[in-house]
Amino acid sequence: MSSTVLLGVTGGIAAYKVPGLVRLLVKAEMRVNVVMTQAAAQFVTPLTLATLSENPVWTDMWGQRNRPSVEHISLADSADIAVIAPATANIIGKIAGGIADDLLTTIVPALKCPLLICPSMNVNMYRNPIVQENLQKLTRVGCHVMEPDAGYLACGWTGEGRLPEPEAIFEAIVGLIGPRDLEGMRILVTAGPTEEPLDAARVLTNRSSGKMGTAVARRAAQRGASVVLVAGPLKVQPPIGVRHIPVRTAREMHERVLDEFPNVDVVIKAAAVADFRPAVSGTGKIKKQDLGSSLNLVKNPDIIAELGRIKAKNQILVGFAAETDNVLDNARAKLKEKNLDLLVLNDVSKPGAGFDHDTNIVTILHRSGRQEPLDLMSKEKVADRILDRVVKLREEIMCGKT
Ligand code: PMT
């Protein structure tokens, strides 16, 4: 069953971002009930939000005069999460003061789900001690307050008070709705290709877009883990809420991964790391006629093999294998040789699997020998299945079963 989001919209210029947030929620198959204050309708029309949310939009307490109106209770009861974005100083003060004089402020006290408040206002209003005291009170009683962004504001001032982008609010919502079963876990994820310089104009690289690794990092963060992402050049945005360390070469990735390794519980290596690099990479551009003889390659560090040698007993190491033939034999060999706990095998010759697709078809191999072939699914869903296995493995380690 998809989640239901109750989205409260109040009268700030940042309401222009709300249609973008509604689209993201609907695309993620969430049901969106929009409740707007009268002031909000000055900035974005109820018709726009009704169309995008594919639901009626509530703008006043009394609905049609000829029928009993307890919609504020049914709207509160049906919500898996309530979000107020943008949240003006006015709505923040009214909620903190227990005022319930319109539909939105009447719904809030009836909520039984998480409430995410996204303040948006002029920097001086935001810094006002009364507004800050109201926000601290709401935090004390269990509301989630999302820090506004800082930058140029519509009123001409610069400073904190900007409503975060829809993608950031969406990530915060997903993080609050879903299971936070990775809370407290520290996870290092690698993603994307590496680029090995050949000369001033050319590099050796591969087809990795970074979608698989960033999906793992995003879902891990949404499920409560603290995530560091070491990634080569990505074709996709790194997820919000993770610490992103950009690298280019396999040696840079090797150095940064080894730096982080002692402080993490789990490593998931989805990056496509080059096994070799040009022996010499000059600062000039190699002439066409000399190119063929310039491709003298030397080995790069095998990062995951090194992690397998030094990992502590309670650390979990998950590798990927990009194969095209003898896939299971090659994958089993990697699982054993590199001392992995799990190996995610993808036959990158299969349509819809591997490089640069939004989907993947994987088989999860366990150290115990167990194999779990999964059907074609989104890389987000593959990420969740991998993380489910990590949770189980972690439980076994903590109970001394492995
Ligand atoms: O990024 P996408 O476009 O979404 O594509 C996803 C993917 C196909 C890149 C991903 O699903 C995948 O298969 N990643 C691993 C690709 C790879 O390098 O496979 P491999 O069999 O060559 O390496 C096996 C494992 O060793 C991998 O975990 C790899 O990160 C690691 N490795 C490899 C070489 C090296 N020098 N150091 C390593 O740590």
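# Sheet, pockets and domains, term by term

User: What makes the stretch 71-78 a helix, and which strands does α3 lie across?

Analyst: Helix α3 (residues 71-78) lies across β1, β2 and β3, and runs at about 140 degrees to β2. Helices are DSSP runs of H or I with at least four residues, strands are runs of E with at least two, and both are numbered from the N terminus; the stretch 71-78 therefore meets the helix minimum. The angle is taken between N-to-C directions on a scale from 0 to 180 degrees, using lines fitted to C-alpha atoms, for helices over the stretch in contact.

User: Good to know! What kind of model is this, and how are residues numbered?

Analyst: This is a predicted model, in which local features need pLDDT of at least 70 and side-chain atom pairs count only at pLDDT 80 or more, while totals for chains, interfaces and linings use all residues. Residues are numbered from 1 along each chain as its sequence is written, and side-chain values use heavy atoms, leaving out hydrogens and water.

User: How do you know that β5 and β6 are paired?

Analyst: Two strands pair if DSSP finds at least two bridges between them. Strand β5 (residues 115-119) and β6 have two bridges, in the parallel sense, so they satisfy that rule. One residue to look at is Ile117, whose bridge partner in β6 is Val145.

User: What is the strand order of the sheet, and why are β3 and β6 called edge strands?

Analyst: The six strands make an open sheet with parallel pairing, in the order β3-β2-β1-β4-β5-β6. Because β3 (57-58) and β6 (144-145) each have a single partner strand, one side of each has no neighbour in the sheet. Helix α1 (residues 18-27) packs on this sheet, touching β1 (4-9), β2 (31-36) and β4 (81-87), where contact means heavy atoms within 4.5 Å. The direction of α1 makes about 175 degrees with that of β1.

User: What makes the backbone notable at Pro86 and Glu29?

Analyst: Most residues other than glycine have a negative phi, and most peptide bonds are trans. The bond from Ala85 to Pro86 is cis, with omega near -10 degrees, and Pro86 is in strand β4. Glu29, in the loop between α1 and β2, has a positive phi near 60 degrees.

User: What makes a region a pocket, and what is the volume of the largest one?

Analyst: On a 1 Å grid over the protein atoms alone, a pocket is an open set of points with protein on both sides within 12 Å along at least five of seven lines, and lining residues have an atom within 4 Å of a point. The largest pocket has a volume of about 1200 Å³, that is, the space filled by probe spheres set on its points, which are joined across faces, edges and corners. Its lining has 32 residues, with Ala28, Phe170, Arg218, Gln222 and Glu380 closest to the centre. Helix α9 gives the largest share, six residues.

User: How many of those lining residues are called nonpolar, polar or charged?

Analyst: There are 12 nonpolar, eight polar and 12 charged residues. Ala, Val, Leu, Ile, Met, Phe, Trp, Tyr, Cys and Pro count as nonpolar, Asp, Glu, Lys and Arg as charged, and the others, Gly among them, as polar.

User: Which domains are assigned, and how do you know that they share this pocket?

Analyst: The chain is divided into domain 1 (4-176) and domain 2 (186-398), with bounds from an automatic or database domain assignment. Each supplies at least three residues of the lining. Their centres, taken over C-alpha atoms, are 39 Å apart, and five residues of domain 1 contact four of domain 2.

Definitions and conventions: 1 Å grid on protein atoms, 1.4 Å probe; cavity = no way out; pocket = protein on both sides within 12 Å on 5 of 7 lines; lining within 4 Å.
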